[in-house]
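Student: I have a structure open on my screen and would like to talk it through. Could you help me read it?

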Amino acid sequence: LPMLHTIKSSRDFADGGNSMDCLNTQQMKEMVLYVAQHMIENRDFLSEIDRKIGDGDHGIGISNGFEAVCKNLRQSRPASINDVFRIAGMSLLNSMGGASGVIFGVMFLSAYKQKEVILCTDVETFGREMGNSLDAVKLKGKANLGDKTMVDAFEPAVEAIRGCTGNDFAITLKEAADAAYEGVQNTKKYAASVGRAKFLNQRSVGFQDAGATSVWLIFKYMHEWAEGRMHDHAF
């Protein structure tokens with residue numbers, strides 16, 4: 001049998017994990033569903049951004065992908081946080097299509113993929129897993145910071161999470177979302193060197209990257225969920 005993850009806290013999470021500094025499986029499922037629902041709503045916004053320097057279908061892919069995430073997560077009863085990320089990742093991979101489907105699928109599939117079953121995650125563990133995800137995305141997409149891709153938002157977000165000294169998810173995710181947004185703004189300065197936009201070269205300067213924008217939105221909605229749960233005293 002796989003080993004269960006030991007929580008670094010004296011709290012007993014058997015009553016549902018209602019803590020601001022640790023998310024249990026149900027809470028992670030709720031957070032991912034919240035993100036998915038709001039990503040679907042950004043279909044036209046993301047397509048309009050992509051239309052400037054790409055195919056103009058990024059919003060459609062994201063919408064299709066996160067509709068599948070919603071459907072599959074709602075129909076499932078994940079037994080661990082590992083399951084939540086696996087279901088979300090496979091949903092994106094199988095429904096988005098193209099390079100974006102692979103990359104956004106990898107973003108979720110590469111977090112919490114170890115054999116160790118994780119029932120509750122703190123900020124430190126979340127930062128570690130997002131780091132694993134970032135490494136996988138960079139390897140699969142052959143992209144680095146400054147290449148005008150989702151990495152330009154994802155890497156700053158991960159660094160922000162790792163740099164947080166506290167263990168409050170609402171605060172940490174706010175820092176991550178802010179860093180991702182700054183990364184999106186920075187993509188306007190870059191000439192694309194990866195993907196379809198690379199054929200525009202210097203003509204891509206001045207426009208933000210759609211993939212980076214999606215990553216920012218993911219962290220933005222993660223923060224919104226965490227902030228809302230805190231105000232509802234649900235932790």
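Tutor: Gladly! This is a predicted model, in which local features need pLDDT of at least 70 and side-chain atom pairs count only at pLDDT 80 or more, while totals for chains, interfaces and linings use all residues. Residues are numbered from 1 along each chain as its sequence is written, and side-chain values use heavy atoms, with hydrogens and water left out.

Student: Where is Val-102 placed, and is Val-102 buried or exposed?

Tutor: Val-102 sits in helix α5 (residues 98-109); helices are DSSP runs of H or I with at least four residues, numbered from the N terminus. Buried means under 20% relative accessible area, exposed over 50%, and partly exposed in between, using a 1.4 Å probe and protein chains only. Because its relative accessibility is 31%, Val-102 counts as partly exposed.

Student: Which salt bridge partner does Arg-229 have?

Tutor: A salt bridge is a side-chain nitrogen of Lys or Arg within 4 Å of a carboxyl oxygen of Asp or Glu. For Arg-229 the closest N and O atoms are 2.1 Å apart, and the partner is Glu-30.

Student: Why does that pair tie together parts that are distant in sequence, and how many residues apart are they?

Tutor: Arg-229 lies in helix α9 (residues 210-231) and Glu-30 in helix α1 (residues 25-41). Arg-229 counts as buried at 16% relative accessibility, whereas Glu-30 is partly exposed at 27%. The pair therefore ties together parts whose separation in sequence is 199 residues.

Student: How far apart are the closest N and O atoms of Glu-48 and Arg-51?

Tutor: Both residues lie in helix α2 (residues 43-53), where Glu-48 and Arg-51 are three residues apart, about one turn of the helix. Glu-48 is partly exposed at 38% relative accessibility, and Arg-51 is partly exposed at 47%. They form a salt bridge with an N to O distance of 2.6 Å.

Student: What separates Lys-220 and Glu-224 along helix α9?

Tutor: The side chains of Lys-220 and Glu-224 meet in a salt bridge, 2.9 Å from N to O. Lys-220 is partly exposed at 25% relative accessibility, and Glu-224 is partly exposed at 29%. Because they are four residues apart in helix α9, their separation is about one helical turn.

Student: How many salt bridges does a search of the whole structure find?

Tutor: The pairs we discussed include Arg-229 with Glu-30 and Glu-48 with Arg-51. Over the whole structure, the number of salt bridges found is eight.

Conventions:
Helices (H or I, at least four residues) and strands (E, at least two) are DSSP runs, numbered from the N terminus.
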